[in-house]
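Open the model in your viewer and set the display to cartoon, with side chains available on demand. The stops below follow one another through the fold.

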Amino acid sequence: MAYIPSDTEWYLADLIIEIRVEKDPRCVVHINTVLVHANSPTDAYEKALTLGAEQASSTYLNPAGQRVNSRFIGLKDLAVIHEKLEHGAELFFVERTDFQPGDASSLAQTKEKLSVFLDAEPSVGVDYSSGQIAEDYKKIIE
């Protein structure tokens with residue numbers, strides 16, 4: 001088992017969500033990383049499963065009137081946060097051993113390529129947006 005400090009109270013869970021649109025053979029899969037507050041790895045696991053079930057089990061209509069079903073598939077990962085949540089706290093890490101000296105700089109991105117600065121583009125293809133939200137938005141802008 002991974003090292004879990006005795007005062008651990010935060011975990012990161014990767015929830016796998018499958019989204020299907022009526023009459024569309026494709027599906028969309030989201031891997032949502034969520035914060036879990038728990039007293040133990042087992043408690044974190046159970047709470048992550050509950051979050052997944054609550055967040056993903058839904059059915060609604062998209063703007064074209066097609067039924068959209070989302071369902072929780074399971075957990076991709078559950079990781080402990082070793083540090084207290086504060087500015088600069090390490091949430092998780094990835095270890096790579098396949099680099100030569102100096103190669104790590106190839107991973108660095110310019111500011112414009114960082115996710116937070118990219119233009120948000122809607123998904124292309126499968127329209128799993130909520131018809132009700134689209135309707136409400138239309139009323140606001142009219």
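Start by selecting β1 (10–21) and β2 (27–37): the two strands pair in the antiparallel sense over 11 bridges. Strands here, like helices, are DSSP runs numbered from the N terminus, with at least two residues in state E for a strand and at least four in H or I for a helix. Two strands count as paired if DSSP finds at least two bridges between them. The model is predicted, so local features need pLDDT of at least 70 and side-chain atom pairs count only at pLDDT 80 or more, while totals for chains, interfaces and linings use all residues. Residues are numbered from 1 along each chain as its sequence is written, and side-chain values use heavy atoms, with hydrogens and water left out.

**The sheet**

Within the first pair, show Ile16, whose bridge partner in β2 is Ile31. Then move to the turn: β1 and β2 form a hairpin with 5 residues between them, and Lys23 in that turn has a positive phi of about 70 degrees.

Next, add β4 (67–80). β4 pairs with β1 in the antiparallel sense, also over 11 bridges. Two places to click are Leu15, whose bridge partner in β4 is Leu75, and Ile17, which stands opposite Phe72 in β4.

Now add β3 (58–61), which pairs with β4 in the antiparallel sense over 4 bridges. Leu61 stands opposite Arg67 of β4. β3 and β4 form a hairpin with 5 residues between them, and Gly65 in the turn has a positive phi of about 85 degrees.

With the four strands selected together, what is their order? The open sheet reads β2-β1-β4-β3, with antiparallel pairing. β2 and β3 are the edge strands, each pairing on one side only. Neighbouring strands are turned by 30 degrees against each other on average, direction ignored. Strands of a sheet pair through backbone hydrogen bonds, either parallel or antiparallel.

**The helix across the sheet**

Select residues 41–56, helix α1. Its end C-alpha atoms are 22 Å apart, which agrees with the 22 Å that 16 residues should span at 1.5 Å a residue; the expected span is 1.5 Å times one less than the number of residues.

Which residues of α1 are buried? They are Asp43, Ala44, Ala48, Gly52 and Ala56, where buried means under 20% relative accessible area, exposed over 50%, and partly exposed in between (1.4 Å probe, protein chains only). These residues cover an arc of only 165 degrees around the axis, which puts them on the same side of α1; the arc is that of the directions from the helix axis to the C-beta atoms. On the other side of α1, Thr42 and Glu54 are exposed.

The buried residues pack against β1, β2, β3 and β4, with contact meaning heavy atoms within 4.5 Å. α1 lies across these four strands and runs at about 165 degrees to β4. Axes are lines fitted to C-alpha atoms, for helices over the stretch in contact, and angles run from 0 to 180 degrees between N-to-C directions.

**Three single residues**

Go to Thr8, in the segment before β1. Thr8 is buried, with a relative accessible area of 8%. A polar atom of the Thr8 side chain lies 2.8 Å from the backbone oxygen of Pro5. Not counting residues up to four places away in sequence, Thr8 touches Ala38, Asn39, Val80 and Ile81.

Next is Asn62, in the loop between β3 and β4. Is Asn62 buried or exposed? At 2% relative accessibility, it counts as buried. The Asn62 side chain reaches the backbone nitrogen of Ala64 at 3.0 Å and the backbone oxygen of Asp127 at 2.8 Å. Its contacts beyond four places in sequence include Val21, Val68 and Ser129.

Finish at Asp98, in the loop between β4 and α2 (131–141). Asp98 counts as exposed at 54% relative accessibility. A polar contact of 3.1 Å joins the side chains of Asp98 and Arg96. Such a contact is a pair of N or O atoms within 3.5 Å; within protein, one must be able to donate a hydrogen and the other to accept it, and residues adjacent in sequence count only if both atoms are side-chain atoms. For a last distance, pick the C-alpha atoms of Asp98 and Ile141: they are separated by 52 Å, with the two positions 43 residues apart along the chain.
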